[in-house]
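This report is a first guide for a reader who has not met this structure before. Please keep the sequence and the view at hand while reading the sections that follow.

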Amino acid sequence: MAISLVKKNYLFGQGRKRWVPWLLLLPGFGLYLLIAVGPSLATAVYSFTDASGVRGAPVNWIGFENYDEFLFRGLASRDNLAALQRTLIFMVVVTTVQFGLGLVLALLLNQKLRGRTFFRTLFFIPVILGVVIQGLMWQLFLYPAGGPVAEVFGWFGIQSEFLGGAPTEAFIWVMVVQIWANVGITMMIFLAGMQTIDETLYEAARIDGAGGWNLFKNITWPQLTPAINTNFLLNVIGSLQAWQLFLVLIGYRPGTQVLGYLVFAEGFGQTTGSVSAAFRQGYAAAASIVLFFLVLVLGMSANWIVQRRERKYLG
Amino acid sequence: MTIPRDDAPEMIVPALDAEPPVVERVGKGFPWGKVISYVVLSLFALLYLAPLFMLVNASFKPLSEFFRDPIGLASGINFDNYTKAWELANFPRYLLNSAIYTAIATAVFVFTTLFVAFPISRGIIKGGGAILTLYVVALFLPPALIPQFQLILNLGLYNTRVGYIMLFLVNAIGMIIVVNYIKSIPKELDESAAVDGCGYFRFVWSIVLPLIRPAIATVTVLHAIGIWNELILPTIYLTNSDLYPITRGLIVFQGQYGSDWPALASAVLMLMLPMLVLFMFLQRYIIGGLTSGAVKG
């Protein structure tokens, strides 16, 4: 064989047998290119076309038309920019609260407490249940006509329609459910990080008379750097892309959508997928590229903050 | 957890003798820290237990009772709502669909992943590094949603089982986990197997695979949970209700019987129970997989 396909250190046979690893690799790698990488790159191409959701319909190149329309034209663009703003608010609130709450829970559950396994499991469970069960549970919990939360709010004289109320109100409740559902992952990552911290560091510091806050500031926080980085990045990127709970909890309501939901609604209709010429997939592709750049820019900024922190603590 | 604490006191004991440390004094007083911890944790736990309790409680109530008093304790335990939901929600069919999609897609994914991960991890093929880079970079590429749809549509696989399963055959994070794990298998093993005349396929399949079982278990469980819980893709790709997985079926059921919360609550609970049981058995793998990036960073 003229071309060698495997490196010299390949041990399993000579001649034609050296094709074997490649032949076995091909199905997996081919599928990956076909289903993931190819379509991912093609999103950029589609964003310059007027593709619809109909098989065989002509697709025309229309340049920056979609972007122009999405960002700058008429009432719709104002709605889009509002959705962009909402996506950012969602990201900031969810990231901050989920990160903070996850850290507090992890600190509490890293102590030797009776029943800590129970608490850890309890807070983590929503993660594996998925958005449908999370959403339906909270729709019932927030049942406006005499449900538990309505009852408690009633004691304080607060009236609320919850998910069916004003857009801002519904939006806030979606953030609550989003945090409730995912704080378990953040907590678990913090806990995994805390368990790698050398216990003798604390013992030595205690002998020097260091108390709770000092222990946290000078040992836990710097030693926790990898977990902090992971959580920060996961939360920023995850919350920018999260929108499924909006679908389950409130549907496509004006004044509540975030960018991810917008892409879905433009590309596939607002509630259900049935092939239709009304689907503006080129336009939706442009919207998803806008979202992609948002994730890229904010993700890179988050990464930059994280790197700087790491240099500060780990040298 | 794994830090050996036994030898630590030896270093510290002399210091303890010299001066009574702060730890001692705090330890003897009333454990305020623990009490506060329990209060905070219990309040937070309420946020998790109360929705669950509401669900169970509502599922036992006849509809009229639920409307009259949504939060009072159910007057009795009866399973009428469960039988009703089981029949109305078309549960058996949706569950079977979900099981088929999850099992086939996960099996194909794990099998193909093994044979991509091994040669990359061992560095025995040319361009292996570039392939691995492609898997890492893809985590940051734009969403594939729209062109993926066009692909499936133009292949004529829209609204078919095959088309739907195709969407779940790859998982870049799972691949990276397996690649990293294979690095912990000693290379000497390859040599001795090759000397004994073992073929490539047989070596990877019957010697490497059993050795990397923890990593395989982790990616299997994570991938399967992802497919099982997926809501968006069935909404996009499946319009024939005979093909719906359980997630989509539940949302459709809610659309039809949205005000019948007792039936809906029963449906949710019936779907939740197997997930909870599975979680109890597999939580080591699930949590291990999700937190794997935390330690190394």
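## Chain B as a whole

In this predicted model, chain B has 297 residues, of which 38% are buried. Its secondary structure consists of 17 helices, with zero strands. If one takes the contacts in chain B between residues at least 6 apart in sequence, 75% of them join residues that are at least 24 apart.

## Two helices packed within chain B

One pair of helices in chain B can be followed in detail, namely helix H6 (residues 91-122) of chain B and helix H10 (residues 172-182) of chain B, whose axes lie 9 Å apart at an angle of about 45 degrees. An angle of 65 to 115 degrees would count as roughly perpendicular and one under 35 degrees as roughly parallel, and H6(B) and H10(B) are therefore oblique to each other. The crossing in which H6(B) passes H10(B) is right-handed.

On the H6(B) side, the residues that take part are Thr113(B), Leu114(B), Val116(B), Ala117(B), Phe118(B), Ile120(B) and Ser121(B), and they meet Gly174(B), Met175(B), Val178(B), Val179(B) and Ile182(B) of H10(B). Sorted by class, this contact between H6(B) and H10(B) comprises nine nonpolar and three polar residues, with no charged ones.

## Where chain B touches chain A

Between the two chains, 90 residues of chain B are in contact with 89 residues of chain A. On the chain B side of this interface, helix H3 (residues 32-59) of chain B supplies the largest share, which amounts to 13 residues. The residues on that side of chain B include 68 that are nonpolar, while 16 are polar and six are charged.

A pair of helices from the two chains can also be described, since helix H12 (residues 281-314) of chain A and helix H8 (residues 145-154) of chain B have axes that come within 9 Å and cross at roughly 145 degrees. Here Gln281(A), Ala284(A), Ala285(A) and Ser288(A) of H12(A) meet Leu145(B), Ile146(B) and Gln150(B) of H8(B). The contact of H12(A) with H8(B) holds four nonpolar and three polar residues, and no charged residue is part of it.

## A loop residue in chain A

Ala166(A) sits in the loop that runs between helix H5 (148-155) and helix H6 (167-194) of chain A. Is this residue, Ala166(A), buried or exposed? Ala166(A) has 12 C-beta neighbours inside 10 Å, and it therefore counts as exposed. Along the chain, Ala166(A) and Leu41(A) are 125 residues apart, and their C-alpha atoms are separated by 39 Å.

Definitions and conventions:
Residues numbered from 1 in each chain as written. Chains lettered and ligands numbered in written order. Predicted model: local features only at pLDDT ≥ 70, side-chain atom pairs only at ≥ 80, totals over all residues. Contact = placed C-beta atoms within 7 Å. Helix = DSSP H or I, 4+ residues; strand = E, 2+ residues; numbered from the N terminus. Nonpolar A, V, L, I, M, F, W, Y, C, P; charged D, E, K, R; others polar. Axes fitted to C-alpha atoms, helices over the stretch in contact; angles between N-to-C directions. Parallel < 35°, antiparallel > 145°, perpendicular 65-115°, else oblique. Left-handed = near helix turned anticlockwise from the far one by under 90°. Buried ≥ 20, exposed ≤ 12 C-beta atoms within 10 Å, placed from the backbone.
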